Structure formats: C-alpha cells, structure tokens
Amino acid sequence: MTADRLYDIALPLLPNVGVIGARLLLDLFGSSKEIFTASPSDFLNKTELSKEAVSRLIHSRDAALKRAEQELNFVEKHRLNTWAWSDDDYPKSLRMMHDAPVILYGKGNISFGGKFLSVVGTRDCTDRGKQLCHNIVRDLAAAVPNLTIVSGLAYGIDIEAHKAALEAGIPTIALLAHGLDRIYPAMHRQIAVQMLGNGGLMTEYMSGTSPERQNFLFRNRIVAGISQAVLVVESKARGGSLNTAHTAFSYSRDVLACPGRPTDINSAGCNTLIHRQFASLVTSAADIIDTLGWQSEQVDTQLPLFHDDSNTVSFASYSTSLSPAEKEIIKALQPYEDGASVNDIVEISGISFAEVSSLLFGLEMQGVVRSLAGSAYRLAK
C-alpha cells in the first residue's frame, strides 16, 4: 500500500466532486496528495472553479482526511486490498470508463488478468434460467483458460452465477453496493466467504455504507465495465440487469442475452435486447466463445473453419476457389484480429456496402470469417 493511500481514500469524500470531477482533478494535479496540499491559488489557476467553490473545497479537505484515516485503519485491520486510479495494478478495463471509480476496496484473492465475463439477470429467475446459467458457466470454465465470472451477489441469476463458478473451480468476483463491513443479502454470506479463496468481494464504497437503492444502480457500471462482455441470462421488461446491459453497450462492451419464448415474462428484457440489436443471441457457452473470439479446441463452436468440399482448400491458404472480391475482403480483415465493422471493410476494400454484406454472408457460410457483436467480422482461426 502506497504512502499516499490516505489521500486516495479521501479524494471521493470531497463534496460536489464526484468520480468524474475527481478524475479531472487528478489529471490537473497529478496525484491525490497534490489535490490535498494545493493552495487556493493553485486551484484558481488550474481549474475553472469559482473562488467560493475553491474555498468550500479547501475547507472540506480536513474532514475528508479525518474520515479517510478511519477507513485506512479499517482497511489495515481487515487486510483489505485497495486499487487507486494512480496505481499500476488498477484494472485496465475500468480505465476505459469516463466514470470509473477513483478507488476500489477488495477482500479475497482477486486478480485482474485473463478474461472476465459479467453474468446478470432477474432476481426472480426460473428453474430454466438457473440451469442455463450453470450450464453456460460450467462449459465456459472447461473451455476458456483464466476466466473470471463477475456478478453482484444478489438474489436470482447473480448468486447462481457465483455458485456455478465456485462449482466449476474458477474465480468469481462480487461487486457490492455497500461497504465491506457487511454482506447483503445476509443469507449469501456463506457463498461470499467461499468466494474469498478464489476471487472475492469488491466495492467502491467505504465501510459504514448501507446498501441503498441508488448504490446498486451506480455499482452496475463497474459490473458492466470490468468485463469484456455482459451476459443477461434472464430479465424482465425492466430491471437492473437491463441497466447493466445498456451501460455495457455504451462502454463498447459486448452484450449477450439468452432468448426466451415470447410469453416468458422473465425473458422479455432479453428478447428486447436481441430484437433491438443491443445484444447477441446466446444459447450455450459455444455461442459466447464464438462471439467473443475465445476459441478453444475443447468446445465445438458449431461452425467449421471451412467446408469439407472438393472445390475448397483450407482456410489457411485462402481457398483458390474464392473470387477476387472475396479475397479483397480477406485482405482487408487480415490486420484486424479483433474484427472490423462492415463500414471499415467497405472503406478499405472499395467494394460497395451491399456487395460486401453479401460476400461476408457467403464467406461466413464457408467458415472463412466469423461474425461478431455490433455488425463486425474477423477472420476465422
């Protein structure tokens, strides 16, 4: 823990600053300690704050530091982990968020390496939803190395995702909407304790913070941003999981959703996400692996790399049966391992949008390219 951790903890406590304002101050002053030691003239010269606002901020620093001292004692007493924005080990995925937390508190064995998948859904999940959640997590765990499952420890799909990860022996992290001096809901305490050995608990809230409703909605942005993708297993027409999904979409994360029958109330939100093209349809772990490019020899992705056809040679040699236009598309995609949009392909290849769309469909059927979320494509591997 750095010597400046006291100031990192105190920074979010400054009134009327917020996470975005705190980030702006960090950019201007370089560190949280500098913010707490800067003079009024420094603030007036470096910011656009009025004299009155600067005066209020300056006078609030002592109270913020006093509360931060209490929290630092709590952190040290309970051997918590902390990750501040200025730390090298702060999660890289969260740095992409404009409203990322300034500091995070954690308990357990948490690592930010590897692949992260957030799994969310309704609290009133069905038996079908529970089974689907367990099946997907189990199959992903068997196929995708270094996978961590993230959720919110809530009733329903959240806790089922954590349970499934524990059963599969892979790390799972719960993002909490309160401080680490409590567990909510209390009946999930045993699961939370089990998670400490392989994953753990994480929050941006200090001890003493209650699980207020607004905290859950604010917490959801971290669930959305910390992972490469968010999977919605079941969701009603309205709910926190849809908020998480839309937030993930705004962060350019992949959104995945399991479909249900039109009459399934608990799948109404998922069906809407898919219908409005906010989410890719998922029925199995193989769909997730295919969509995200998490290829593995251990899972049948249900889409061959190339057809066993006498007129088509292997993809690796870019089949001699392909047309010149198809080869242009392959050439355009080669530099983009994570995929390129149809518009990018049109611009690079010089082929019309309509023809590119048609050619991509044919190449996908041959197993030469793979479609990704957001109307993007990449070469099959």
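**Close-up 1. Cys-125, a buried cysteine without a disulfide.** With 15% relative accessibility, Cys-125 counts as buried (under 20% relative accessible area, 1.4 Å probe, protein chains only). This is a predicted model, where local features need pLDDT of at least 70, side-chain atom pairs count only at pLDDT 80 or more, and totals for chains, interfaces and linings use all residues. Residues are numbered from 1 along each chain as its sequence is written, and side-chain values use heavy atoms, leaving out hydrogens and water. The structure holds zero disulfides (pairs of cysteine sulfur atoms within 2.5 Å). For Cys-125, the nearest cysteine sulfur belongs to Cys-133, 8.1 Å away.

**Close-up 2. Cys-258 and Cys-270.** The closest cysteine sulfur to that of Cys-258 sits in Cys-270, at 6.4 Å, so it's too far for a bond. Cys-258 has 1% relative accessibility and is therefore buried.

**Close-up 3. Helix α5, kink included.** Helix α5 (a DSSP run of H or I, at least four residues, numbered from the N terminus) covers residues 51-77. Its 27 residues should span 39 Å (1.5 Å times one less than the number of residues), and the end C-alpha atoms are indeed 39 Å apart. There's still a kink of about 35 degrees centred on Arg-61, taken as the angle between axes fitted to the seven residues ending there and the seven starting there. Just after α5, Arg-79 has a positive phi of about 55 degrees.

**Close-up 4. Phe-43 and its neighbours.** Leaving aside residues up to four places away in sequence, Phe-43 touches Leu-25, Phe-29, Ile-35, Ala-38, Val-54, Leu-57, Ile-58 and Arg-61 (heavy atoms within 4.5 Å).

Technical notes:
Helix = DSSP H or I, 4+ residues; strand = E, 2+ residues; numbered from the N terminus. Buried < 20%, exposed > 50% of the residue type's maximum accessible area, 1.4 Å probe, protein only.
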